[in-house]
Amino acid sequence: MNATEALQPIQPAKLVVKDVSKSFTTRRGWLQALDCVSLTVNEGEFVCLVGPSGCGKSTLLNLIAGLDTPDSGELVSDGQPIKGTGRERMVMFQEHALFPWLDVLGNVLFGLKLKPNLTPKDRIEVARYYLHLVGLERFAHANIHELSGGMKQRVALARALAPNPRVLLMDEPFAALDAMTREQLYDDLQLIWEKRKKTIIFVTHNVREAVCLGDRVILFSPNPGRIREEFKVTLPRSRDINSVELASMATEITRQLKAYTRPAEPAEPSHTAAPSAA
Amino acid sequence: MKRIIVAVCFFAALIAVWQSLVTAGVYSPVLLPAPNQVGHYLLNALADGELQSAAWITTKRLAIGYSIGCAIGLPLGLMTARSKYLSDTIGVLALGLQTLPSVCWVPLALLWFGQSEAAMLFVVIMGTLWSVLIAVDNGVKNLPPIYTRAARTMGSKGIHTLVRVVLPASLPYVISGMKQGWAFAWRSLMAAEIYVTIIGGYGLGHLLHFGRELNAMDQVIGVIFVIVLIGLLADKILFSPWEKFLHRRWGTASN
């Protein structure tokens with residue numbers, strides 16, 4: 001393989017989550033993070049998982065990443081059961097998780113160095129391509145602590161994209177950034193997604209962000225974590241987070257989300273009204 | 001440049017104060033020789049090779065013992081950090097022994113190994129080993145789990161994660177532990193050399209000891225000067241580059 005081949009767009013993967021449950025024993029007791037969750041994400045689809053904290057959306061992401069194993073149920077990527085982490089599924093975390101002992105280029109190279117059949121020269125070429133893609137080629141030799149929060153997440157994005165994964169899993173990657181930086185990253189991420197053709201699962205608690213980015217928005221409710229609702233977003237791309245259509249759709253989803261997040265006993269799944277135990 | 005001038009002035013002033021104390025005759029010249037006397041001793045000792053040979057023997061002992069201590073302490077620290085059983089056994093032992101001032105190993109080494117090189121090495125290794133072990137253990141235990149998780153998603157596992165992620169991520173701890181280990185080893189070696197005389201292996205500690213026995217204060221001060229100089233050099237050569245690297249990468253200092 002050479003750098004040109006390593007940079008070829010790769011076929012995005014189809015993900016199937018079937019009846020997956022996962023519980024944790026925490027200090028405060030037993031927690032059903034996911035209860036019989038099923039979800040299919042198509043090749044190249046951009047799916048956003050939305051819900052209040054504790055609804056299991058990050059848990060599901062970790063399961064798909066292979067960082068955790070489910071108590072029961074199946075996770076399948078392109079017909080192959082997910083057993084552990086894999087280069088075809090890369091993760092971007094809320095904290096940038098960049099390695100401070102490496103410079104920017106070193107971080108982007110980290111995953112590439114674990115990819116066989118590439119010469120060191122090819123790897124650097126590939127890494128530089130992705131740094132260029134996120135607009136940071138001038139910062140190749142900068143130290144991580146010298147970058148702003150937005151730049152760090154851009155490096156993290158380049159690092160996740162560099163091994164050319166088929167699935168990109170993003171766990172609230174922009175949550176800690178200021179609004180201006182975030183809006184710029186929404187535009188960039190949409191462009192990159194169209195250019196690099198990835199299946200993306202994006203976890204957020206920001207409904208507007210989800211509507212702006214996703215083909216589909218999936219609503220989770222907590223205790224136990226379940227999928228409550230699903231919305232197809234058909235607004236044309238590239239979307240502007242400040243547009244009126246987007247805002248009105250986000251308002252509608254937020255209204256429903258609020259209904260599920262009221263403190264309530266786990267009730268039968270309801271698609272219309274809120275559980276009335278409050 | 002300005003910093004160099006300030007530093008030179010400082011040390012010149014220090015020597016000037018010393019000289020003026022001697023000239024004023026505040027202390028007996030037996031107890032406080034003049035700076036030029038000490039310089040004279042140093043030049044003589046250099047001329048007959050005594051000083052170089054002693055410094056070489058001491059540094060060699062230190063280098064060998066310190067390397068062995070690090071070579072054992074580093075992997076052991078990695079292991080105790082990762083296994084609860086090792087942490088409860090070797091980890092506790094290390095913590096206990098680390099609180100023991102390393103000079104305390106000297107009498108034991110003397111009885112076990114006699115007046116030999118082995119006794120010297122043993123003391124240096126004991127000074128190094130536990131500090132390094134505890135530091136690595138601490139560093140690995142304080143590692144943000146996000147680093148290893150991120151590495152796993154990129155296909156890193158086993159030895160690769162250990163060498164490429166765990167070790168560099170705990171580098172700030174490791175370096176400070178190695179520095180502490182060096183300090184302990186250096187101090188205990190000096191104590192051992194002052195206590196233990198080995199024929200054919202006179203280190204700086206021995207010179208210091210003989211200086212006292214001969215009431216040769218110029219020798220005592222001269223040798224102390226050399227010991228300080230070696231300590232400074234070791235710091236600058238061994239640890240400064242690493243500390244600079246840490247500051248640059250982690251952004252922990254402004255200069």
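Two residues are in contact when they have heavy atoms within 4.5 Å of each other. Keep that in mind as you work through this predicted model.

**Exercise 1. Find out how many residues each chain brings to the contact between chain A and chain B, and how much area the two chains bury.**

*Solution.*
Step 1. Start with the residues: chain A gives 25 residues to the contact, and chain B gives 21.
Step 2. Now turn to the area: together the chains bury about 2100 Å². Carbon and sulfur atoms hold 65% of that buried area.
Step 3. Look at the side of chain B. B:Thr153, B:Met154 and B:Arg249 supply 37% of the area that chain B buries against chain A, more than any other three residues.

**Exercise 2. Describe the helices and strands of chain A, and decide how compact the chain is for its length.**

*Solution.*
Step 1. Count the elements: chain A has ten strands and eight helices.
Step 2. Compare two values. The radius of gyration of chain A is 19 Å, and the globule rule gives 19 Å for 278 residues, so chain A is as compact as a globular protein of that length.
Step 3. Add the dimensions: the C-alpha trace of chain A spans about 60 × 40 × 35 Å along its principal axes.
Step 4. Look inside. A residue is called buried when its relative accessible area is under 20%, and 54% of the 278 residues in chain A are buried.

**Exercise 3. Describe chain B by its elements, its dimensions and its buried residues.**

*Solution.*
Step 1. Count again: chain B has eleven helices and zero strands. Reading along the sequence gives the pattern α-α-α-α-α-α-α-α-α-α-α.
Step 2. Take the dimensions: about 70 × 55 × 30 Å for the C-alpha trace of chain B along its principal axes.
Step 3. Check burial: of the 255 residues in chain B, 44% are buried.
Step 4. Consider contacts with a separation of 6 or more in chain B: residues 24 or more positions apart account for 71% of them.

**Exercise 4. For each chain, work out what share of the accessible surface belongs to carbon and sulfur atoms, and how far apart the charge centres lie.**

*Solution.*
Step 1. Take the surface of chain A: about 12400 Å² is accessible, with 51% belonging to carbon and sulfur atoms.
Step 2. Do the same for chain B, where about 13800 Å² is exposed and carbon and sulfur atoms supply 70% of it.
Step 3. Move on to charges. In chain A, the mean positions of 34 positive and 32 negative charges are 3 Å apart.
Step 4. Finish with chain B: its 18 positive and 10 negative side chains have centres that lie 20 Å apart.

Note on methods:
Residues numbered from 1 in each chain as written. Chains lettered and ligands numbered in written order. Predicted model: local features only at pLDDT ≥ 70, side-chain atom pairs only at ≥ 80, totals over all residues. Heavy atoms only, no water. Helix = DSSP H or I, 4+ residues; strand = E, 2+ residues; numbered from the N terminus. Rg over C-alpha atoms; globule rule 2.2 N^0.38 Å. Buried < 20%, exposed > 50% of the residue type's maximum accessible area, 1.4 Å probe, protein only. Areas by Shrake-Rupley, 256 points an atom, 1.4 Å probe, with all protein chains shown as cover. Lys, Arg positive; Asp, Glu negative; His and termini not counted. Charge placed at Lys NZ, Arg CZ, Asp CG, Glu CD. Buried area = accessible area lost by both parts, 1.4 Å probe.
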